[in-house]
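Ready for a short tour? Open your viewer, rotate the molecule until you like the view, and keep the selection tool at hand.

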Amino acid sequence: MKRTILFISTILFLCMNLYAQDFMKEKRIYLVDVTASMIGKGGVKTPDIFNKVKDQLTTAISNIQDTDTDFAA
C-alpha cells in the first residue's frame, strides 16, 4: 500500500513539474552615460569614448537572438 501511494505521489509530482515551466521573457536595460566626460570634456581630462560606446551598444542590441526580448535604452 505504501509503495502504491508513493508511486502515485511521484507521478503526480512529475506531472505538476511538466506544466510549471513557464519561462519569463528576457529583459535588458542599457544605461548610457551622456555627460560631457564621455567626450573628453569636464574638470578632469578624460578620453573621448562616446562613439566607441555608442557603436558597442548598437552591436549588442543587433546581436540579440531572442525575438521576445524586451529592452530599454
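## Start with the outside

Show the surface of the whole protein. Its accessible surface comes to about 6,900 Å², and 63% of that area belongs to carbon and sulfur atoms. Please keep in mind as you explore that this is a predicted model.

Now ask how much is hidden: what share of the 73 residues is buried? Buried residues make up 8% of them.

## Switch to the cartoon

Next, change to the cartoon view and follow the chain from the N terminus. You should find 2 helices and 2 strands, and along the chain they come in the order α-β-α-β.

Contacts tell you how the chain folds back on itself. Take the contacts with a separation of 6 or more: 58% of these link residues 24 or more positions apart.

## Stop one: helix α1

Select residues 2-19, which form helix α1. Within this helix, pick Phe-7. Is Phe-7 buried or exposed? Phe-7 has a relative accessible area of 57%, and therefore counts as exposed, since the cut-off for exposed is over 50%.

Keep Phe-7 selected and add Ile-8, Ile-11 and Leu-12. Together, these four residues make a nonpolar patch of about 410 Å² on the surface.

## Stop two: the loop after α1

Move on to the loop between α1 and β1, and select Met-24 there. With a relative accessible area of 76%, Met-24 is exposed.

Now add Asp-68 to your selection. Which distance separates Met-24 and Asp-68, C-alpha to C-alpha? They are 9.9 Å apart in space, although 44 residues apart in sequence.

## Stop three: strand β1

Select residues 27-29 to see strand β1, and then pick out Ile-29 in this strand. Ile-29 is exposed too, because its relative accessible area is 68%, and the cut-off is over 50%.

For your last selection, add Asp-70. Along the chain, Ile-29 and Asp-70 are 41 residues apart, while their C-alpha atoms are separated by 8.6 Å. Draw a distance line for this pair, and another for Met-24 and Asp-68, to see both links at once.

Key:
Residues numbered from 1 in each chain as written. Predicted model: local features only at pLDDT ≥ 70, side-chain atom pairs only at ≥ 80, totals over all residues. Heavy atoms only, no water. Patch = residues over 30% accessible without salt bridge, like charges linked within 9 Å, V, L, I, M, F, W, Y side chains within 5 Å. Areas by Shrake-Rupley, 256 points an atom, 1.4 Å probe, with all protein chains shown as cover. Salt bridge = Lys/Arg side-chain N within 4 Å of Asp/Glu carboxyl O. Helix = DSSP H or I, 4+ residues; strand = E, 2+ residues; numbered from the N terminus. Buried < 20%, exposed > 50% of the residue type's maximum accessible area, 1.4 Å probe, protein only. Contact = heavy atoms within 4.5 Å.
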